[in-house]
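Student: I have the model open and want to ask about its enclosed spaces and one of its helices. Can we take them in turn?

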Amino acid sequence: MKNLFLFTLLFCCSFLMKGQETFNVNGTHHKNHNYYAFKNATVYVDYQTRLDRATLLIKDGKVVAAGLDGKVPIPENCVVYNLEGKYIYPSLIDLYTDYGMPETKKEKGPNYGPQFENNHKEAVNWNQAITPEVEAGMLFTADDKKAEELRNLGFGTVLTHQQDGIMRGTSALVTLANEKSNLVMINSEVAGHLSFNKGSSTQDYPGSLMGMIALIRQTYFDADWIYNNPQQDELNISLNALIEDWGMPQIFEANDKLNILRADQIGDEFELQYIFKGSGDEYQRVKEIKATEGKLILPVNFPKAFDVEDPYDAMLVDYSDVKHWELAPYNLGIMAQNNIDFSITTADLKDKKEFFKNLRKAIESGLSEQDALKALTFNPANFIEQYDQVGSLEKGKLANFIICSGPLFDEKNTIFENWIQGKKYTLKDYNRIDVSGNYSMNLGAKIYALKVTGDPEKPKGSIEIINMKDTSKIDVSIAVEGNNISLSFNPNDDYQKASIRLSGVISSTGGIWDGNGQLGDGSWIKWSAIKSKEDVAKPKEQEAKKDSVIVPKIQYPNMAFGFDSLPKQQTMIIRGATVWTNEAEGILKNTDVLIRNGKIAAIGKNLEAEGALIIDGKGKHLSAGIIDEHSHIAISRGVNECTQAVTAEVSIGDVVNSDDINIYRQLAGGVTAAQLLHGSCNPVGGQSGLIKLKWGSAPEDMKIHDSTAFIKFALGENVKQSNWGDFNTTRFPQTRMGVEQVYYDAFIRAKEYQKKWDTYAALPEKERLKAPAPRVDLELETLNEILNAKRFISCHSYQQGEINMLMHVADSMGFTVNTFTHILEGYKVADKMKEHGAGGSTFSDWWAYKFEVNDAIPYNGAIMHKQGVLTAFNSDDAEMGRRLNQEAAKAVKYGGVSEEEALKFVTLNPAKLLHLDHRMGSIKVGKDADVVLWTDNPLSIYAKVDKTIIDGAIYFDLSKTEERQQANRMEKARIVEKMILSKKGGEKTQPAKSKKPKLYHCDTVGE
C-alpha cells in the first residue's frame, strides 16, 4: 500500500511539473492546456508521408496525433481551425546558425610584434583558437528580432554555436519561440564544432592552413594522453571538455570542397566521422566527397551573375567563376543523385529573404521537392540525434509546424503561420483574401485589363489604356476588408475623364468580384471582374522531379583547361623518336617506346602491341619527365608556418591544391613531378609534399604514395627575420648563431623524447599497462624520423659558413643533410658536401638579388657536378618551373656540361635527390611511364612540349591545346550570354572583377 501511494504521488508530481517552470510569476498564473485541432488540411507528417484532408491535434506544445479527418478524435472544448485548402508541414530546422550568441570581437593583441602565448590566463588550452570548453547553452540569449527573421522563412528550430576559432565548443538546440531562453532550449549540448579559421584569436600560431591541421591533430593527441593518464599534474579545462564531448556529433566548417577532404583525413586518423559544413562547390569533387561517408550541411548562397554586357568587363571574369555561377544551383541535386545525405542551411546568405528563391532555383536544377523537404526536416534532426524531438509531426514531438497556402516550394506559396512549441506566430492572415492576379474588369460598356500585385494586405492595381497615340499605365487604388473590395482610378480615356469608384463583394473562391460603382458624372453602374484561368488554377502538387534536367558540363578541375573526363592509362607506342634514356644506353635515335599499364614496357625498334595508340615520334625527342626538386605551386592557404622557429609538425602534403592553374602550365613545360616545399621563414619548417602533376585529379591522387618523406630546413636572412622590420625582433633566433642553437636544441629535445618512449617500450607488459605513456609530440616525432633516417632534409641555403654549420650539426647529431636546395655558394664547399653526403639543387644563374647571394656565380652547378656532388637545377618559382629544360641548358653554356648530363639536372638527378630514381627520372623498362615528347632537342629554346605523359596517361597534348582554348572561349561566351539574359530578367548582378593569382615563394608570409 505504501509503494502504491509513493507511485501515485510521483506520477502526479511529474504530471504537474510538465506545465510548470522554475521562474516566479509576477501576477496571476495563466497556463493554457487547451487542445488545438487543425482540420481539413493537407498534412505532411514527415518528408515522405502526406495525408490529404487530415487533422493535426496538439496540446501543451506537443503533437498528440496526426491522421485523416475522422480518424483523430477531437476532445471536448478543443479549439478547432478549419484549414480547407491549406497545407501543414513540420517547421524547418537550420543546423548552422549563431542565433542568440554574443558578438565575437577581436581581442586586443600585443602593441607590437608577435604573440606567442595565449592571452587568457585561465587553466585552458595553450592556444587561443582552441576553446572546446565554450558552451553555447551557457552563452545563449533568446533574441526575438533575429528569431522573427528565421520564423518568417518557416524555421522553428536551430542549432546555434559561437562561430569563433578552430575548436569552438558545443552547440545548443533551441526553438525560435518568443519565450525565455530556458523555455526555448531543447538541448544545451548537442554537437562539437570545428573549423579551419582562427577567428578572433590574436595568437600568431597557427598562421597557415597546414598549421591549423597540425594543431587539431596535436590537440586530439593531447586529449587522448590526458584521458589515458588522469593522474598527470596538468589540469586543462579545454582538453577535459574535449574528452567529455567526444561522443557527440562533430560538425566541421570546411567551406571548401578540398577542405572537406582534408578534414576527413583528420577524422579518419582519430576515428571520427565529421558532419561537414560546405560552401556549395561540392559538385566539383562529388566522387571523393561521397567516399568520406560524411553528411553535409549546405548553403544556397548562389553567386550573383557578373555584369558582363561590356565585352572588356567579361574578359576580367575568370572562366572558373562563370562556370561556378552556372553550376552552383545544381549542387544540391547532384548530392541527392549521388545518395549523399545533406541538410540545407541559411548560412552564408547575405539576404535571408533570398532563401526560398534560391531553393526553388535548386529544385528547377534537379533537386526533388521531397529531397528538399527531407534536407530541411528529417536530415538535420537525424544528423544531431534529435529526431525524437523535432523533424516530423509524429506523436510526442514538439508542435513545431507551419501553415501554408499551398505546396511549400511553390513560387506562389505563402507561409501564413509558424507554430512553435504549440504557440502561434502569425506571418500573414490567411483569412485575408489574396486578390493578386490578372482580371478582366467589365464596366458595362467598357472592359479593362486589370493587374493586381503586391502583398495581400496592401494590393496594388494597374490598368493599361490603349489608344491611337500611345499606351499608358494607370494606377488603381484597391482596398480589401474581409470579402468586401473597393477600387478607385481615373482612366482619362474616351470612356471617362474623371475618377471611377467601385465597391463590390469577392466570391468565396476569390476569382469573381461584382458590385456597383459611380462614374465621374455621378451616374451608377454595375461592374464585375473575373480572374484569368491561369491565376485561379489550383496550386501545383508536389511532383517527382522530371528527368529532363540536364546538368551543365563539369570539368576536372572546373576551370580553364579542365578535362571533361580524367585522362586514362593507355597502351601506346611512341614510334621513331630520339630517346634520351638517361641510362647507360645514352641517346637512342629512331627508337620506339612501348607504354603499358602505366609503365615503360619495352624500348627498341619496330615494337608492336595489339590495340596500342601509335604516337608519331619521328623528328621529335623523348625524355623522362622533368622533376622540380623545389616548388611552391599547388599549395592552399600558406606556404610558411612562420609563427615558431620549429614547425616540423606541419605538412605541405595536407594542403595540396589540385586546382592551381600552374599545374597545367608546368605540364606544358614538361614537368611531371615536383617536391612542394614549405617556405624558409624558420630554421625547421614543415614536411614536404611529393606529387605528380596529374591535372584534374584530387589531391590524394596526385601524391606520390610510398615515397620517402622529406622536410624543409632553412638558413640565412629569412629565418632570423632580419628583413622583417622593427616589430619582429622577439622570435628566437635573431642571429645566425641563434639558428645553430635552434638546431641543437630541437634535436637534443627529440633524443630525450625518444628516450622516454624507449624506456616505456622496454617495460615488462604488466608494468607498461599500468605506467603512463609519454605524450605524443608531433614536432618531436618528425625530428626523430630524421634521426632514424626515415625523413630527409632539403635545406634552403646560400652562404658557405651556414652550410658548413648545418653539416657540422648533422654530423654531431647523427644525421645527414640530404639536399642543400638553391645552394648558390655550393661551389665553395663542394668537397665538404661530397664528404658529408649532401646533394645540391641550385638555381642555374640567379645572383645578386639580395645581399646574401652576392657571391653566386652561374658556374655553380657545373662545379658541384664536376666535384662529384649530385647536382640538380630547381625552380622555386611558378614561372621558372615552366622552363626548366632551358635552365638545364645553361649548364652547357656555364661550365661545359654535356647535353646528356645537363638534362639529368632536371630529370634523373632530382629523382635521385628525392629517392625516386627507382621509379622515375630515366626511360627504363619497368619505370613509371612519366615521359615528355618534345618537338626539338629538349635543351633548345625552340623546343616545345608535344605531349606530357604521366603513368601512361596523356595530361598535356599540344595538338589539342588550340581546340581546348576554343572550347573554353565558346563555353564562356555561352554562359556570359546567360548572365546577360539573367540581368535583363531582373536578376541582381555583381561587378565584373578579375582574380589576382596567388603565387608563393620561399619568403611569402600569410595565407
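Tutor: Start with the second largest cavity of this predicted model. Its volume is about 50 Å³.

Student: What makes the second largest cavity a cavity, and not a pocket?

Tutor: A 1.4 Å probe fits inside but cannot get out, so the term is cavity; a pocket is an open set. P90, S91, I93, T157, V390, G391, S392, L398 and N400 line the second largest cavity.

Student: How do you know how its lining divides into nonpolar, polar and charged?

Tutor: Gly counts as polar, and charged is kept for Asp, Glu, Lys and Arg. By that rule the lining has 4 nonpolar, 5 polar and no charged residues.

Student: How many cavities reach 30 Å³ or more?

Tutor: The count is 4. The largest cavity holds about 80 Å³. Strands β8 (167–170) and β11 (192–195) each give two or more residues to its lining.

Student: Which residues line the largest cavity, and how do they divide?

Tutor: Among them are P132, M167, H193, D245 and Q250. The lining has 4 nonpolar, 5 polar and 1 charged.

Student: Now helix α12. Why are some residues of α12 called buried?

Tutor: Buried means under 20% relative accessible area, so F355, F356, N358, L359, A362 and I363 of α12 qualify. They cover an arc of only 160 degrees around the axis, so they sit on the same side of α12.

Student: What covers the buried residues of α12?

Tutor: The cover includes β6 (92–97), β7 (155–160), α11 (331–337), β16 (342–345), α13 (369–376) and β18 (415–420).

Definitions and conventions
Residues numbered from 1 in each chain as written. Predicted model: local features only at pLDDT ≥ 70, side-chain atom pairs only at ≥ 80, totals over all residues. Heavy atoms only, no water. 1 Å grid on protein atoms, 1.4 Å probe; cavity = no way out; pocket = protein on both sides within 12 Å on 5 of 7 lines; lining within 4 Å. Points joined across faces, edges and corners; volume = space filled by probe spheres on them. Helix = DSSP H or I, 4+ residues; strand = E, 2+ residues; numbered from the N terminus. Buried < 20%, exposed > 50% of the residue type's maximum accessible area, 1.4 Å probe, protein only. Arc of directions from axis to C-beta. Contact = heavy atoms within 4.5 Å.
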